[in-house]
Amino acid sequence: MIAIIDYGVGNLASVKNAFLKIGLESFTTSDPDKILTAEQVVLPGVGAFADAICNLRTRGIDKALNEVVKQGTPLLGVCLGMQLLFSVSEENGLHEGLDIIKGRVVKLPPIYKVPHMGWNEITPNSASRLFRNIQSGSHFYFVHSYYVVTEDDSWVAATSNHGIDFVCAVEKNNVFATQFHPEKSSEMGLNVLKNFGEIKHDNLPGN
(Lines give C-alpha, C1' and ligand atoms only; values in the text may rest on other atoms or scores of the structure.)
Protein backbone atom coordinates (compact mmCIF):
# COMPACT_ATOMS: atom_id res chain seq x y z
CA MET A 1 0.00 0.00 0.00
CA ILE A 2 1.08 3.59 -0.66
CA ALA A 3 2.04 5.75 2.33
CA ILE A 4 1.23 9.47 1.97
CA ILE A 5 3.35 11.36 4.47
CA ASP A 6 1.51 13.71 6.82
CA TYR A 7 3.92 16.29 8.25
CA GLY A 8 1.55 19.22 8.62
CA VAL A 9 2.05 20.91 5.24
CA GLY A 10 0.25 18.90 2.59
CA ASN A 11 -3.01 18.62 0.70
CA LEU A 12 -3.37 15.00 1.74
CA ALA A 13 -7.04 14.41 0.97
CA SER A 14 -6.76 15.31 -2.71
CA VAL A 15 -3.73 13.04 -3.16
CA LYS A 16 -5.50 10.15 -1.43
CA ASN A 17 -8.65 10.72 -3.52
CA ALA A 18 -6.63 10.77 -6.73
CA PHE A 19 -5.14 7.37 -5.92
CA LEU A 20 -8.62 6.09 -5.06
CA LYS A 21 -9.88 7.18 -8.49
CA ILE A 22 -7.35 4.91 -10.18
CA GLY A 23 -8.00 2.01 -7.84
CA LEU A 24 -4.89 2.28 -5.68
CA GLU A 25 -5.04 2.01 -1.89
CA SER A 26 -3.16 4.56 0.19
CA PHE A 27 -3.01 5.77 3.78
CA THR A 28 -1.72 8.90 5.48
CA THR A 29 0.88 8.64 8.22
CA SER A 30 3.52 10.54 10.14
CA ASP A 31 4.95 7.35 11.66
CA PRO A 32 8.50 6.66 10.40
CA ASP A 33 8.07 2.91 10.98
CA LYS A 34 4.95 2.79 8.77
CA ILE A 35 6.74 4.82 6.11
CA LEU A 36 9.62 2.33 6.11
CA THR A 37 7.34 -0.67 5.59
CA ALA A 38 5.13 0.85 2.85
CA GLU A 39 5.28 -0.48 -0.72
CA GLN A 40 5.54 3.07 -2.08
CA VAL A 41 5.86 6.48 -0.44
CA VAL A 42 4.53 9.91 -1.44
CA LEU A 43 5.91 13.17 0.01
CA PRO A 44 3.36 15.90 -0.80
CA GLY A 45 3.60 19.50 0.32
CA VAL A 46 2.46 23.09 0.05
CA GLY A 47 3.83 26.08 1.95
CA ALA A 48 7.22 27.24 3.16
CA PHE A 49 10.37 25.13 2.77
CA ALA A 50 11.83 26.05 6.19
CA ASP A 51 8.71 25.01 8.11
CA ALA A 52 8.39 21.82 6.09
CA ILE A 53 11.97 20.61 6.60
CA CYS A 54 11.71 21.44 10.31
CA ASN A 55 8.55 19.36 10.60
CA LEU A 56 10.19 16.42 8.82
CA ARG A 57 13.20 16.51 11.14
CA THR A 58 11.15 16.97 14.31
CA ARG A 59 9.13 13.85 13.47
CA GLY A 60 12.15 11.80 12.39
CA ILE A 61 10.69 11.49 8.91
CA ASP A 62 13.87 12.86 7.30
CA LYS A 63 15.80 9.77 8.43
CA ALA A 64 12.98 7.49 7.31
CA LEU A 65 13.00 9.06 3.84
CA ASN A 66 16.73 8.56 3.44
CA GLU A 67 16.26 4.92 4.46
CA VAL A 68 13.38 4.56 1.99
CA VAL A 69 15.72 5.66 -0.78
CA LYS A 70 18.48 3.28 0.35
CA GLN A 71 16.18 0.27 0.55
CA GLY A 72 14.80 0.89 -2.95
CA THR A 73 11.20 1.76 -2.09
CA PRO A 74 9.62 3.92 -4.84
CA LEU A 75 9.34 7.52 -3.58
CA LEU A 76 7.34 10.33 -5.20
CA GLY A 77 7.77 13.98 -4.16
CA VAL A 78 5.06 16.46 -5.18
CA CYS A 79 5.52 20.25 -5.43
CA LEU A 80 7.17 21.31 -2.14
CA GLY A 81 7.77 17.60 -1.59
CA MET A 82 9.97 17.64 -4.69
CA GLN A 83 11.93 20.68 -3.50
CA LEU A 84 12.58 19.12 -0.08
CA LEU A 85 14.49 16.29 -1.76
CA PHE A 86 17.18 18.75 -2.87
CA SER A 87 20.36 19.84 -1.07
CA VAL A 88 19.45 23.44 -0.27
CA SER A 89 16.68 25.99 -0.79
CA GLU A 90 17.06 29.74 -1.22
CA GLU A 91 13.50 30.41 -0.06
CA ASN A 92 13.64 33.13 2.63
CA GLY A 93 17.32 32.52 3.34
CA LEU A 94 19.35 29.35 2.92
CA HIS A 95 17.92 26.12 4.29
CA GLU A 96 19.36 22.63 4.05
CA GLY A 97 17.09 20.05 2.45
CA LEU A 98 17.14 16.27 2.51
CA ASP A 99 20.09 16.18 0.05
CA ILE A 100 18.68 13.10 -1.70
CA ILE A 101 19.11 14.97 -4.99
CA LYS A 102 22.12 17.25 -5.44
CA GLY A 103 21.00 20.73 -6.42
CA ARG A 104 19.29 23.93 -5.31
CA VAL A 105 15.83 25.41 -5.06
CA VAL A 106 15.80 28.96 -6.46
CA LYS A 107 13.18 31.65 -7.07
CA LEU A 108 11.53 32.18 -10.42
CA PRO A 109 12.71 35.46 -12.01
CA PRO A 110 10.50 38.34 -10.78
CA ILE A 111 10.17 39.72 -14.31
CA TYR A 112 7.68 36.89 -14.91
CA LYS A 113 4.41 36.41 -13.05
CA VAL A 114 5.17 34.85 -9.66
CA PRO A 115 3.78 32.58 -8.41
CA HIS A 116 3.52 30.49 -11.54
CA MET A 117 -0.09 29.33 -11.19
CA GLY A 118 -2.28 27.40 -13.58
CA TRP A 119 -2.03 24.91 -16.42
CA ASN A 120 1.20 24.60 -18.39
CA GLU A 121 2.55 22.15 -20.91
CA ILE A 122 5.54 19.94 -20.22
CA THR A 123 8.18 18.19 -22.27
CA PRO A 124 8.89 14.75 -20.79
CA ASN A 125 11.97 12.64 -21.35
CA SER A 126 11.02 9.80 -23.69
CA ALA A 127 12.76 7.28 -21.40
CA SER A 128 10.85 8.39 -18.30
CA ARG A 129 8.89 5.70 -16.46
CA LEU A 130 6.79 8.34 -14.70
CA PHE A 131 5.60 9.77 -18.04
CA ARG A 132 5.04 6.51 -19.87
CA ASN A 133 2.39 7.02 -22.61
CA ILE A 134 2.21 10.76 -21.86
CA GLN A 135 2.87 12.96 -24.86
CA SER A 136 5.05 16.06 -25.03
CA GLY A 137 2.82 19.13 -24.78
CA SER A 138 0.47 17.57 -22.22
CA HIS A 139 -0.78 20.08 -19.64
CA PHE A 140 -0.42 19.88 -15.86
CA TYR A 141 -1.40 22.18 -12.99
CA PHE A 142 1.31 24.27 -11.29
CA VAL A 143 1.38 26.50 -8.19
CA HIS A 144 4.91 27.56 -7.25
CA SER A 145 7.31 30.48 -6.85
CA TYR A 146 10.52 28.42 -6.75
CA TYR A 147 12.02 25.79 -9.02
CA VAL A 148 14.81 23.24 -8.80
CA VAL A 149 18.23 23.28 -10.44
CA THR A 150 19.88 19.86 -10.60
CA GLU A 151 23.64 19.39 -10.46
CA ASP A 152 23.29 16.22 -12.54
CA ASP A 153 21.16 16.50 -15.69
CA SER A 154 20.58 12.75 -15.72
CA TRP A 155 17.93 13.38 -13.04
CA VAL A 156 15.75 15.45 -15.40
CA ALA A 157 12.53 13.65 -16.35
CA ALA A 158 10.58 16.63 -17.75
CA THR A 159 10.84 20.37 -18.32
CA SER A 160 8.37 23.22 -18.64
CA ASN A 161 8.56 26.93 -19.41
CA HIS A 162 7.44 30.01 -17.49
CA GLY A 163 9.48 32.70 -19.19
CA ILE A 164 12.46 30.41 -18.61
CA ASP A 165 12.85 26.68 -19.11
CA PHE A 166 12.85 24.86 -15.79
CA VAL A 167 12.92 21.29 -14.51
CA CYS A 168 9.40 20.19 -13.60
CA ALA A 169 10.07 16.51 -12.88
CA VAL A 170 12.98 14.32 -11.85
CA GLU A 171 13.56 10.59 -11.61
CA LYS A 172 16.39 8.17 -11.06
CA ASN A 173 16.33 4.62 -9.71
CA ASN A 174 13.50 4.61 -7.12
CA VAL A 175 13.19 8.41 -6.65
CA PHE A 176 10.59 10.41 -8.60
CA ALA A 177 9.22 13.94 -8.15
CA THR A 178 7.07 16.54 -9.89
CA GLN A 179 6.87 20.31 -9.43
CA PHE A 180 3.28 20.27 -10.70
CA HIS A 181 0.37 18.73 -8.81
CA PRO A 182 -0.65 15.46 -10.49
CA GLU A 183 -3.60 15.14 -8.10
CA LYS A 184 -4.97 18.44 -9.52
CA SER A 185 -4.07 17.75 -13.14
CA SER A 186 -7.14 15.83 -14.30
CA GLU A 187 -6.64 12.79 -16.54
CA MET A 188 -2.97 13.44 -17.30
CA GLY A 189 -2.18 13.75 -13.60
CA LEU A 190 -3.98 10.51 -12.84
CA ASN A 191 -1.90 8.84 -15.56
CA VAL A 192 1.28 9.99 -13.79
CA LEU A 193 0.04 8.60 -10.48
CA LYS A 194 -0.97 5.35 -12.20
CA ASN A 195 2.51 5.04 -13.70
CA PHE A 196 4.04 5.61 -10.29
CA GLY A 197 1.72 3.06 -8.75
CA GLU A 198 2.94 0.45 -11.22
CA ILE A 199 6.58 0.97 -10.20
CA LYS A 200 7.43 -1.61 -7.56
CA HIS A 201 10.67 -2.32 -5.71
CA ASP A 202 11.06 -5.63 -7.56
CA ASN A 203 10.77 -4.15 -11.07
CA LEU A 204 13.20 -1.29 -10.58
CA PRO A 205 16.54 -1.39 -12.40
CA GLY A 206 19.03 -3.58 -10.57
CA ASN A 207 16.41 -5.54 -8.62
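**Exercise 1. A histidine in a strand**

A polar contact of 3.2 Å joins the side chains of His116 and Asn120; using this predicted model, work out where His116 lies and whether His116 is buried or exposed.

*Solution.* Begin with the element to which the residue belongs, which is strand β8, spanning residues 116-124. Next, take the relative accessible area of His116, which is 3%, and compare this value with the cut-off, since a residue is called buried when its relative accessible area is under 20%. His116 is therefore buried. Finally, look at the surroundings: leaving aside residues up to four places away in sequence, His116 touches Leu108, Phe142, Val143, His144, His162 and Phe166. Two of these names return elsewhere, because Phe142 and Phe166 belong to one aromatic cluster, together with Phe131, Phe140, Tyr147 and Phe180.

**Exercise 2. Strands on either side of β3 and β4**

Follow the pairing of strands from β1 to β12, and state for each pair in which sense the strands run.

*Solution.* Start with strand β1 (residues 2-5), which is joined to β3 by three bridges, the two strands running parallel; within this pairing, Ile4 has Val42 of β3 as its bridge partner. From β3 the path leads to β4, again in the parallel sense and over three bridges, and here Val41 is partnered by Leu75 in β4. The next step goes from β4 (residues 75-78) to β13, where four bridges join strands that run parallel, with Leu75 standing opposite Val175. The last step is of another kind, for β12 (residues 165-172) and β13 pair in the antiparallel sense, over four bridges, and Ala169 has Thr178 in β13 as its bridge partner. The hairpin that β12 and β13 form has two residues between the strands, and in it Asn173 takes a positive phi near 55 degrees.

Now consider the two faces of the strands. In β3, Gln40 and Val42 lie on one side and Val41 and Leu43 on the other, and all four are buried, so that both faces are covered. In β13, Val175 and Ala177 point one way while Phe176 and Thr178 point the other way, and these residues too are all buried.

**Exercise 3. The buried face of a helix**

Find which residues of helix α3 are buried, and decide how they are arranged about the helix axis.

*Solution.* First list the buried residues of α3 (residues 49-58), which are Phe49, Ala52, Ile53, Asn55 and Leu56. Viewed down the axis of α3, these buried residues fall within an arc of 155 degrees, and therefore they line one face of the helix. A general rule helps in reading the numbering: an α-helix has 3.6 residues a turn, so residues three or four places apart point the same way. Then ask what covers this face; the cover includes β3 (40-43), α4 (61-71), α5 (80-83), β5 (86-89), β6 (95-96) and β7 (101-107). After α3 comes Gly60, whose phi is positive, near 75 degrees.

**Exercise 4. An aromatic pair and the cores**

Among the eight aromatic pairs of the structure, describe the one formed by Phe176 and Phe196, and say which parts of the chain this pair ties together.

*Solution.* The geometry comes first: the ring centres are 6.0 Å apart and the planes stand at 75 degrees to each other, which makes the pair edge-to-face. Phe176 lies in strand β13 and Phe196 in helix α6, so the pair ties together parts that are 20 residues apart in sequence. As to accessibility, Phe176 is buried with a relative accessible area of 0%, and Phe196 is likewise buried at 0%.

To set this beside the nonpolar cores, note that the largest has 34 residues, of which Tyr7, Leu43, Leu56, Leu65, Leu84, Leu85 and Leu98 touch the most other members. Apart from that core lies another, of 30 residues, including Ala18, Ala157, Ala169 and Phe180.

**Exercise 5. Two polar residues compared**

Determine whether Glu183 and Asn17 are buried or partly exposed, and place each of them in the chain.

*Solution.* Glu183 is in the loop between β13 (175-178) and α6 (186-197), and because its relative accessibility is 13%, Glu183 counts as buried. The side chain of Glu183 is joined to that of His181 by a polar contact of 2.8 Å, and, not counting residues up to four places away in sequence, Glu183 touches Ser14, Val15, Ala18, Val78 and Leu193. Asn17, by contrast, belongs to helix α1 (residues 12-21) and, at 43% relative accessibility, counts as partly exposed.

Key: Residues are numbered from 1 along each chain as its sequence is written. This is a predicted model: local features need pLDDT of at least 70, side-chain atom pairs count only at pLDDT 80 or more; totals for chains, interfaces and linings use all residues. Side-chain values use heavy atoms; hydrogens and water are left out. Buried means under 20% relative accessible area, exposed over 50%, partly exposed in between (1.4 Å probe, protein chains only). Contact means heavy atoms within 4.5 Å. A polar contact is a pair of N or O atoms within 3.5 Å; within protein, one must be able to donate a hydrogen and the other to accept it, and residues adjacent in sequence count only if both atoms are side-chain atoms. A nonpolar core is a set of buried Ala, Val, Leu, Ile, Met, Phe, Trp, Tyr and Cys residues joined through side-chain atoms within 4.5 Å. The arc is that of the directions from the helix axis to the C-beta atoms. Two strands pair if DSSP finds at least two bridges between them. Rings of Phe, Tyr and Trp (its six-membered ring) pair if their centres lie within 6.5 Å; planes under 30 degrees apart count as stacked, over 60 as edge-to-face and the rest as tilted.
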